[in-house]
Amino acid sequence: MDWSDSWRRAFRVELRAQAIGLAWRGWPVLPGTYPAGPHWAGREGNENTGPRPVHADWQSRIGTKPEQVATWWTGRPYSLLLATGVQLDAIEVPGRLGRGAARVLRSVGVPVPIMATPDDRWTFLVNAGHKLERPLAEEGDVVLHAEGSYVPLPPTPLQHGVVHWRVRPEVCGWQMPDSSAVQDALIDAVATGAAHARSIAGLVVAD
């Protein structure tokens, strides 16, 4: 995606507004590197991967007051990152599991903030402090972002699009669900996917 100067300016304003609003709600937000052609800018020199926190001492900046947070986005269109393991954890999964878990959560009436990326990775925001259950840890492509990690928040620009909300925090009144509820839904989605794969395999064998 070609990020022109006008697009960068527009996104900087939006990213700054979102960062300030989330900081006032107590979310530990941080500025991150941003796309610059095929690279990521914002730190010393360009990098091949991102987004990453701009500040090397980013962990010591967790809990910065909103007034200071506002100054971080005055010059560049930094990505908007959430430091996990403080107030919130984030469970990142492939889209197929995300869609399955979202259906389960809707069926039981549990609203959960969900983000998605252009490469079809879904991230569920949950209360911090719960380890990843074994069935999910064994999946290999399920990642728990906890203490010492971070995730990009909407509307962070990526190389081929932007991070966007599938379910906004307003839907759950800014009350994050327990991690166990989301993990149970993800485990159900894993089981459903495995059962579907077995049934397809059975049909192939029967043919």
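Two strands pair if DSSP finds at least two bridges between them, and the strands and helices named on this tour are themselves DSSP runs, a strand being E over at least two residues and a helix H or I over at least four, numbered from the N terminus. The model is predicted, so that local features need pLDDT of at least 70 and side-chain atom pairs count only at pLDDT 80 or more, while totals for chains, interfaces and linings use all residues. Residues are numbered from 1 along each chain as its sequence is written, and side-chain values use heavy atoms, with hydrogens and water left out.

Begin with strand β7, residues 121-127. Of its 7 residues, 6 are buried (under 20% relative accessible area with a 1.4 Å probe, protein chains only; exposed is over 50%, and partly exposed lies in between), so β7 is largely enclosed by the rest of the structure. Add β6, residues 114-116, which runs antiparallel to β7 and is joined to it by 3 bridges; here I114 stands opposite F124 in β7. Between the two strands of this hairpin are 4 residues, and D120 takes a positive phi near 65 degrees. Then show β5, which pairs with β7 in the antiparallel sense over 7 bridges, with I91 standing opposite F124.

Select β4 next. All 5 of its 5 residues are buried, so this strand too is largely enclosed by the rest of the structure. Colouring by face shows S79, L81 and A83 on one side and L80 and L82 on the other, with both faces covered. β1 runs antiparallel to β4 and is joined to it by 4 bridges, and P31 stands opposite L80. β9, residues 150-152, also pairs with β4 in the antiparallel sense, over 3 bridges, and Y150 of β9 stands opposite A83.

Stay on L80 and display its contacts (heavy atoms within 4.5 Å): leaving aside neighbours within four places in sequence, the partners of L80 include L15, L22, V29, W73, V151 and L153.

Finally, select the largest nonpolar core, a set of buried Ala, Val, Leu, Ile, Met, Phe, Trp, Tyr and Cys residues joined through side-chain atoms within 4.5 Å. Of its 32 residues, W27, V29, W73, L80, L125 and L153 touch the most other members. The elements giving two or more residues to this core are α1 (5-24), β1 (29-32), β3 (39-41), α2 (66-72), β4 (79-83) and β5 (88-94), and α1 gives the most, with 5 residues. Apart from this core lies another, of 19 residues, among them V93, A101, L105 and A185.
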